[in-house]
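Got the viewer open and the sequence panel showing? Let's take a walk through this one, selecting a few things at a time.

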Amino acid sequence: MESLPPLGRLSVLPLPRLLVSLHASGYTGGVRVVRERVEKTLLLHAGDPVQVESNLASDGLLRVLAEQGKLGPDDVAKASKLMSDRGCKEEAALVGLKLLGPRDVVLALRDVTRRRILEVFAWPEGEFHLEPEKKAPAGAEALAVDALALVRDGLVAHWTSERLLTELGDKLSGHPRRCERFEDAARRLGGHAAAERLLESLDEDRVAWTALRTCNEPAAIASLWILDGVGALEFLAEAPGAEAEAAEEEKEETPALPPTASDIEIVIAGAPSGGGSAAAAGPRGKKKPQSAVKQRRAEALREEVQEKHRRLEELTYFELLDVAPEAGAGEVKKAYLKAAKRFHPDALTRLGLSDLKEEANQVFARIAKAHQVLIDTEQRETYEASLRGEEEIDADLLAQAETLYRKGEILLR
């Protein structure tokens, strides 16, 4: 993880990103956040918040428990008097008066810690100051709140799905490979239905966006954002094995060339090995057929890219992938992997087609969309219906509409 500055603005480095980075680094110490007259200090142990100090009276444990209906006015008055008389803390007064048991006090303290931190997620402005010298009291680690689950809930409550998707950006079109941190992060994010479905759907053989479409909910999008933030995933440009598979297909499709004059090594009796015109026509001449094959491949690819780019808007998804309309998901995937190999920037460079990168990228972006639609049953049915003229619904707009609908349900709740 990149090193964090000792201080900064929350508008530049928002609290969710800050907490994820501190968790990934196992940070122990304080984080003071300030906004106008409000000041809170988050105390972390091994990357997880264990306590929050606040200058707001509304953040007090007694006040929160009273708002939740767990303490009556008389209970609050008795606890406040005991605190004043003996100089003890709120939790000690609650246990001493037997208003709450030790276990209930621990749960209440964790709840207050979560509340105090989640409020900062809504701050549009503010400053943070890292204070590694400030430590939580001994034994406070027993009050630890899981940082990743906390960040997920805060993102769902205060960030939009569009913002999270925008920050993920091109990684949505990458193939997610699980890294060393994945198991721990997955365990922490588990327990939420949408997050569980996402974790089960992540697969190197398909792009992250496809996995996200199977559980298109804010908590799933937030979980993917967190997995990326803690370095639990690596996003590959193509699926593992795609290069070998494409190379094997290319080998099968490339016809053997008949021998030409340049294949024949002319040996003159008595001539020194490696010298004269005979040597020039010998081993070095054997490279010429390879160059000819490479040139033909380059010309064919150039024609394909230019033709598809010219007809990009009129070609169907099946034509873009060169598959039949009845092709199954397996054939579609195979065609997509083959295209990923052919249009990869490195492949273009090797064939001397660097000038085609922009057109090739546009063509492949359209091919990626075709792949995404054709391997998803619902999106494919909608697309095929549009081809038959039954309806004109864009698959992306359909997905966006579903996301907005779910957001509306959440807001209504």
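Start by selecting Asp376, in the loop that runs between α18 (357-374) and α19 (377-387). One thing to keep in mind as you click: this is a predicted model. Is Asp376 buried or exposed? Buried, because its relative accessibility is 17% and the cut-off for buried is under 20%. Now show the side chain of Asp376 and look for the backbone nitrogen of Glu378: the two meet at 3.2 Å.

**Another Asp, at a helix end**

Next, jump to Asp146. This residue caps the N-terminal end of α6, with a side-chain oxygen 3.0 Å from the backbone nitrogen of Leu148. While you're there, select the whole of α6, residues 147-158. Its twelve residues reach 16 Å from the first C-alpha to the last, close to the 16 Å expected at 1.5 Å a residue. Which residues of α6 are buried? Color Ala147, Leu148, Ala149, Leu150, Val151, Arg152, Gly154 and Leu155, and you have them. Note that an arginine, Arg152, is on that list.

**Zoom out**

Time for the full view. Switch to cartoon and you'll find 20 helices and seven strands. The protein has 413 residues, and 41% of them count as buried. On the outside, about 22400 Å² is exposed, with carbon and sulfur atoms supplying 51% of that area. Among contacts between residues at least 6 apart in sequence, 72% join residues at least 24 apart.

**Into the core**

In soluble globular proteins, nonpolar side chains tend to be buried together. To see that here, select Val31, Leu224, Trp225, Leu227 and Leu321: in the largest nonpolar core, which has 85 residues, these five touch the most other members. Then select helix α11 (residues 218-229), which gives the most to this core, with eight residues. A separate core of 15 residues lies apart from it, and Val64, Leu82, Leu94 and Val105 are among its members.

Back to Val31 for a closer look. Leaving out residues up to four places away in sequence, what does Val31 touch? Show Leu18, Leu22, Lys40, Thr41, Leu42, Leu44, His129 and Leu130 as sticks around it. Not every one of those is nonpolar by name: Lys40, Thr41 and His129 are in the set too.

**The strands around β5**

Now pick strand β5, residues 127-131. It's mostly covered, with four of its five residues buried. Which way does β1 (residues 7-9) run against β5, parallel or antiparallel? Antiparallel, over three bridges. Click Arg9 and you'll find Glu127 of β5 standing opposite. Strand β2 also runs antiparallel to β5, and five bridges join them. For one example, put a label on Arg32 and on its bridge partner in β5, His129.

Stay in β5 and select Glu131. With a relative accessible area of 14%, Glu131 is buried. Neighbours within four places in sequence aside, Glu131 is in contact with Tyr27, Gly29, Gly30, Arg32 and Thr41.

**Over to β3**

His45 is the next stop, in strand β3. This histidine is partly exposed, at 36% relative accessible area. Try drawing a distance from the C-alpha of His45 to that of Ala136: 7.5 Å in space, although 91 residues separate them in sequence. Once residues up to four places away are set aside, His45 touches Tyr27, Thr28, Val50 and Glu141. Tyr27 should ring a bell, as it was also on the contact list of Glu131.

**Two odd backbones to finish**

Last, a pair of residues for anyone who likes checking phi angles. Select Glu36, in the loop between β2 (29-35) and β3 (38-45). Its phi is near 50°, a positive value in a residue other than glycine. Glu36 is also exposed, with a relative accessible area of 75%.

Then go to Lys98, in the loop between α4 (90-96) and α5 (102-121). Lys98 isn't a glycine either, yet its phi is positive, at about 60°. Is Lys98 buried or exposed? Exposed, at 74% relative accessibility.

Definitions and conventions. Residues numbered from 1 in each chain as written. Predicted model: local features only at pLDDT ≥ 70, side-chain atom pairs only at ≥ 80, totals over all residues. Heavy atoms only, no water. Buried < 20%, exposed > 50% of the residue type's maximum accessible area, 1.4 Å probe, protein only. Contact = heavy atoms within 4.5 Å. Areas by Shrake-Rupley, 256 points an atom, 1.4 Å probe, with all protein chains shown as cover. Core = buried A, V, L, I, M, F, W, Y, C linked by side-chain atoms within 4.5 Å. Expected span 1.5 Å × (residues − 1). Polar contact = N/O pair within 3.5 Å; in protein donor to acceptor, adjacent residues only side chain to side chain. Pairing = 2+ DSSP bridges.
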